[in-house]
Amino acid sequence: MRPIRPRLALLGAALLAAAPLALATPTTAAADAIAPTVAPTVEEQRLDQAAPQEILRRSGFGDVAPDFARALAGTHSTAEAERVITRDGRALWRRAVDRVQGRGPAGGDLSRGDDRPLYWARLGMTRALGQWQPGFPLTDARRAALLAALERTSRGQDSLDLPAGTKIKRIVVTGFDPFQLDADVRRSNPSGAAALALDGTTIRTDSGTARVETTVFPVRWADFADGTVERTLLPSFGPGPRRVDAFMTVSQGRAGRFDVERTNGAWRGGYPDNANVSRTETVPIPAGVPTPNPQPQWTTTTLPYEKIVAAATGPVPVYDHTEVTEIPAGATTPVVRPDGPTAGSTARAGGGGDYLSNEIAYRATLLRDAVGLKAPGGHLHTPVLQFGAGNTDPATGQVTDPDFVRNREAITAQVRSVLTVVATTTR
């Protein structure tokens, strides 16, 4: 096998395509451009380490990638391959949600609330797709489109099933994949775990019932630049009977605290993502999505932060976080502002920093403003999900421990409580 251009470039070519693949038989000229198999990505290469393999084995998800590879090998056309990918991608998302929410077999002794089986099983599927050698012509662009379909379906991005009607509130919640895995490949992401626990659930409040739908996003700069956030959220943000009444993007933040991020900034600070890629630039907005012009440097939460902070949502303190980093108007040097940005300043970090946590909040609230969505929405940072005191060394530590499980369960429960406050205050 020989590598073609990097997989992120392939994926980026297809991420904004919401319509089904064009499945016409390739011409002779197109067949001349048949894509070879693809070298495993940085993320996929981590799969072979002991911890990911143990997580897959102890959750019962070790069969996902082999079964998918066999199904893919049995296809005879691009259209058939797309059907297999769509079916198996959606099945992986549903299986992960069901496991976390206690439906069906646990598949092993790994605690049910764990988000990591979904992450590692998906990477097994994307690697299988990259190494697949079909018995029919497959161009570079078509393999990219199939990869994008797998990413979309296995993340719940195409299944935000919000109900219509005036007697129920509609809420969308987003989470993230695990990240910083080169430092500790065992890591989980409590935002992803919370998303799996909340998907399809209802919250009953004195002001009515809310339906929650969730999705999980990758920790990759390229996917965000190519519109994965806007493509996923726009159908729920636009006018119509299924329009959201509230949304909350969630990610892992600092140890020992929740933060409701007041302000989001239009700046990427360059920290490496899960593909070990850095980006330092103004947040790029993809073509073809509604957006204000000119692009604002800042957006603001419309979550009921005062009520969230005042409510008894759980054992960990929740803060209204107002700090940003800006270059003041007429200046050249960044400064930290504890109480938000000043007029005419240039963003260098929002309340949520300058990484993808800040960026998803910026993109979601920017889209909110662009389409005129009058609904509570913004970002919640969770505490860091930590292993137990005797299990902190990734070289010798276990993939789970009782403290780790308790910490994750407590964070998930408090995210649900915060969301209940949001649902209560939503009209």
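## The largest cavity

Start with a look inside: the largest cavity is lined by Asp115, Leu118, Tyr119, Arg122, Phe176, Asp177, Pro178, Gly192, Leu196 and Val216. Keep in mind that this is a predicted model. Two elements each give two or more residues to that lining, namely α7 (116-131) and α9 (190-198). Helix α7 has the largest share, with three residues.

What mix of residues makes up the lining of the largest cavity? You'll find six nonpolar, one polar and three charged. The space inside comes to about 50 Å³, and the structure holds four cavities of 30 Å³ or more.

## The sheet

Now for the strands. Seven of them form an open sheet with mixed pairing, and the order runs β2-β3-β1-β4-β14-β5-β10. At the edges stand β2 (202-205) and β10 (318-321); each has a single partner strand, so one side of each is left without a neighbour in the sheet. From one strand to the next, the twist averages 25 degrees.

Take a look at the β10 edge. There, β5 (residues 258-261) pairs with β10 in the parallel sense, over four bridges. Opposite Asp259 you'll see Tyr319 in β10.

## Helices on the sheet

Helix α9, which also helps line the cavity, packs on the sheet and touches β1 (168-176), β3 (208-217), β4 (246-252) and β14 (377-382). Its direction makes about 135 degrees with that of β3.

Which strands does helix α11 (residues 228-237) touch? Packed on the sheet, α11 touches β1, β3 and β4. The direction of α11 makes about 160 degrees with that of β3.

Technical notes. Residues are numbered from 1 along each chain as its sequence is written. This is a predicted model: local features need pLDDT of at least 70, side-chain atom pairs count only at pLDDT 80 or more; totals for chains, interfaces and linings use all residues. Side-chain values use heavy atoms; hydrogens and water are left out. On a 1 Å grid over the protein atoms alone, a cavity is a set of points where a 1.4 Å probe fits but cannot get out, and a pocket is an open set with protein on both sides within 12 Å along at least five of seven lines; lining residues have an atom within 4 Å of a point. Grid points are joined across faces, edges and corners, and a volume is the space filled by probe spheres set on the points. Ala, Val, Leu, Ile, Met, Phe, Trp, Tyr, Cys and Pro count as nonpolar, Asp, Glu, Lys and Arg as charged, and the others, Gly among them, as polar. Two strands pair if DSSP finds at least two bridges between them. Axes are lines fitted to C-alpha atoms, for helices over the stretch in contact, and angles run from 0 to 180 degrees between N-to-C directions. Contact means heavy atoms within 4.5 Å.
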